[in-house]
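Colleague: Could you take me closely through a single part of this model, and then place that part within its surroundings?

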Amino acid sequence: MNNEDRAGTELDVALESVGDFSVISLTGEVDVYSAPKLRETMKDLVEKGNYHIVVDLEKVAFLDSTGLGVLVGGLKRVKPHDGELGIICDQEKILRIFRITGLTKVFPIYRSREELPTSVKET
């Protein structure tokens, strides 16, 4: 595979704040090649004290098991801080992966940014 072939599988990562949440917007494919970029982004957020993270998968074309593993790893990073790792996704092909793996029981899944709570609920 040359660089031109790989260009289509790049992962763009954008960060923004929405209310009390740090939103990681992904565009492209989350696979064995690109997942470390997501892992580092989540790790940096947690190290800076951001424990309420939402990953926006609306523009993700493909998500493999490595990507799922990175999301679960991110969840493990925020849980000790009473944090949350949510998912924004309305794509059936991606949601199906979460249902098949049982991860819909683990991650709060929002259909759009509008569904995000305006503030973090204190437990």
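Modeller: This is a predicted model, and a convenient place to start is its aromatic pairing, of which the structure holds one example. The two rings belong to Phe 98 and Phe 107, which meet edge-to-face, with 5.9 Å from centre to centre and 85 degrees between the planes. Both Phe 98 and Phe 107 are buried.

Phe 98 also leads into the largest nonpolar core, which has 27 residues and in which Leu 26, Val 55, Leu 57 and Phe 98 touch the most other members. The elements that give two or more residues to this core are β2, α2, β3, α3, β4 and α4, the last of these spanning residues 92-100. Once neighbours within four places in sequence are set aside, the contacts of Leu 57 include Leu 26, Ile 94 and Phe 98, along with Ile 87 and Ile 88. A second core, separate from this one, has six residues, among them Val 23, Val 54, Tyr 110 and Leu 116.

Of the contributing elements, helix α2 covers residues 35-47 and reaches 18 Å from its first C-alpha to its last, close to the 18 Å expected for its 13 residues. Its buried residues are Ala 35, Leu 38, Thr 41, Met 42, Leu 45 and Val 46; seen down the axis of α2 they fall within an arc of 130 degrees, so they line one face of the helix. In general, an α-helix has 3.6 residues a turn, so residues three or four places apart point the same way. The buried residues of α2 pack against β1, β2, β3, α3 and β4, and the helix is followed by Gly 49, whose phi is positive, near 90 degrees.

Conventions: Residues numbered from 1 in each chain as written. Predicted model: local features only at pLDDT ≥ 70, side-chain atom pairs only at ≥ 80, totals over all residues. Heavy atoms only, no water. Helix = DSSP H or I, 4+ residues; strand = E, 2+ residues; numbered from the N terminus. Expected span 1.5 Å × (residues − 1). Buried < 20%, exposed > 50% of the residue type's maximum accessible area, 1.4 Å probe, protein only. Arc of directions from axis to C-beta. Contact = heavy atoms within 4.5 Å. Core = buried A, V, L, I, M, F, W, Y, C linked by side-chain atoms within 4.5 Å. Phe/Tyr/Trp six-rings, centres within 6.5 Å; stacked < 30°, edge-to-face > 60°.
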